[in-house]
Amino acid sequence: MEIWRRNLYVLCGSLFVVMVAMSMIMPFLPLYIQQDFGIEDPHEVTAWAGIIFGANFLTAGLVSPIWGNLADKHGRKIMILRSGYFMSITVALTGFAGSVWQLLALRLINGLVGGIIPASTALVASSVPKEQIGWAQGMLQSFITAGTIMGPLFGGLLAERIGFRMIFFITGSLLLLATLVITFTVKENFVPPEKKDRSSLRDDFHMIFSSKELPALFFVTVMIQFALFSIIPVLPIYIAQLLGSEGAKVALWAGLVQAAMGIANVFASPRLGRLGDRYGSQKVLLGALLMAAILFIPQGFVATVWQLILLRFLLGLSLGGLLPSVNSLLRRATPVHMVSRVYGYNNSFVSIGSMLGPMIGGFLAGYVSISGVFFMTSAFLFINAGWVYYSFFRNKSMQQTDSGI
């Protein structure tokens, strides 16, 4: 088996475990804050949940370009290991948090030491043959998303038996296990760049933002993450309203809702990635954005959890075409010696969207309505689709870049 293919399969499995671990507790932050820190006002709970959820992305966004620059100079695997080992410690310590302020501080630290996803994405992108980039990124993204979505299901089951705090210790242990597997099985034939290809952070910034393609893709990334993460802090509260109950049962149903989307995403991502390789990733991206925008609207009108599960499953099918398409377009527009730097910058924009989404969604839910968050998300996805159409279908040079011309 080729080295790049083995690396891809190992990273898919390891990142699935990482994301299962990381997502077992985060979707239940509102319930955790209510039960363990004694905050009962719903407006205050959703606001704190949004701030704490987004804090990790704030610090991650600030340091991602630095980690990307170091990865291009010293290798992507070492950045994966650095992130994995440090996060396993930080997450385990989160289980000892005695106040929401300590929880916030640990989330900020976790963002500083994180970066396992962009480093893994860059390692795959730098080694996979160009004609299979869409499929490989779709595979990787499907396992990442599947872990993110399946984690809440396992977290909901565990919350009934061991409580929220113990889940942090389990999370740290799973992160350590996945990082050990990567340590001994992933091989990187890294060749340090020549002196002419080395650059400072200032030089990187100038080179990247003087490009026509990359800033447009960064904007798409921000909008996608903002739209998708805006609903995360309020989803358990919304499910509680639909059920008319509280507590662990809400956590279990929230896990089922998320799991439905994850199963659909696993099925769709590799297939949409292959469609992108064949017909153009920009076409898949536009279609997936439009479908996701439409599917968010009826979610604000559902009367039962089962209706929400069905709509989230359909949403998962469309989400499978978003980030894999962006990652494929990024790789095709980037020289090999700058892959990690570009993905590092893109991760900064992932973090910006992921930070602003839950913060604004949490505040908006407290002062407007939870249904209003679904409608806002739909509007942002429609705006994003319009931007993609303007950037990729009206700009012939970007279409030529995608087709390899």
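**Salt bridges, helices and a nonpolar patch in a predicted model**

The side chains of D277 and R332 form a salt bridge with an N to O distance of 3.0 Å, a salt bridge being a side-chain nitrogen of Lys or Arg within 4 Å of a carboxyl oxygen of Asp or Glu. Because D277 belongs to helix α12 (residues 248–279) and R332 to helix α15 (residues 323–332), the pair ties together parts that are 55 residues apart in sequence. Helices here are DSSP runs (H or I, at least four residues), numbered from the N terminus. D277 is partly exposed, at a relative accessible area of 24%, whereas R332 is buried, at 16%; buried denotes under 20% relative accessible area, exposed over 50%, and partly exposed the range in between (1.4 Å probe, protein chains only).

The model is predicted, so that local features need pLDDT of at least 70 and side-chain atom pairs count only at pLDDT 80 or more, while totals for chains, interfaces and linings use all residues. Residues are numbered from 1 along each chain as its sequence is written, and side-chain values use heavy atoms, with hydrogens and water left out.

The structure holds 4 salt bridges. Salt bridges with shared partners link D72, R76 and R341 into one network. Within this network, the closest N and O atoms of R76 and D72 are 2.7 Å apart. R76 is buried at 7% relative accessibility, and D72 is likewise classed as buried, with a relative accessible area of 3%. A further salt bridge joins the side chains of E2 and R5 (3.3 Å, N to O); E2 is partly exposed, its relative accessible area being 42%.

Helix α5 (residues 100–113) comprises 14 residues and reaches 20 Å from its first C-alpha to its last, close to the 20 Å expected at 1.5 Å a residue. The expected span is taken as 1.5 Å times one less than the number of residues. The buried residues of α5 are V100, L103, L104, L106, R107, N110, G111 and V113. Their cover includes α1 (3–23), α2, α3 (42–74) and α4 (76–94). Just after α5, G115 adopts a positive phi of about 125 degrees. Helix α2 (residues 29–37), one of the covering elements, contains L31, a residue that counts as buried at 5% relative accessibility. The C-alpha atoms of L31 and G114 are separated by 25 Å, and the two residues lie 83 residues apart along the chain.

For helix α10 (residues 213–229), the 17 residues should span 24 Å at 1.5 Å a residue, and the 25 Å between its end C-alpha atoms agrees with this. Of these 17 residues, 14 are buried, so α10 is largely enclosed by the rest of the structure.

Two buried helical residues illustrate contacts between parts of the chain distant in sequence. L319 lies in helix α14 (residues 305–319) and is buried, with a relative accessible area of 13%. Neighbours within four places in sequence being set aside, L319 is in contact with L228, M261, N265 and A292, where contact means heavy atoms within 4.5 Å. L319 and T145, 174 residues apart in sequence, are 9.4 Å apart in space, C-alpha to C-alpha. S348, in helix α16 (residues 339–367), is buried at 7% relative accessibility. With the same exclusion of neighbours within four places, S348 is in contact with G61, S64 and P65. A polar atom of the S348 side chain lies 2.7 Å from the backbone oxygen of G61.

At the surface, L290, I294, I297, F301, F375 and F382 make a nonpolar patch of about 540 Å². Two or more residues of the patch come from each of α13 (281–299) and α17 (370–393), with α13 giving the most, 3 residues. Patches are made of residues with over 30% relative accessible area and no salt bridge, nonpolar side chains (Val, Leu, Ile, Met, Phe, Trp, Tyr) being joined within 5 Å and like charges within 9 Å; accessible areas come from the Shrake-Rupley method with a 1.4 Å probe, and for residues only the protein chains shown count as cover. F375, placed in helix α17, counts as partly exposed at 32% relative accessibility.

Notes: A polar contact is a pair of N or O atoms within 3.5 Å; within protein, one must be able to donate a hydrogen and the other to accept it, and residues adjacent in sequence count only if both atoms are side-chain atoms.
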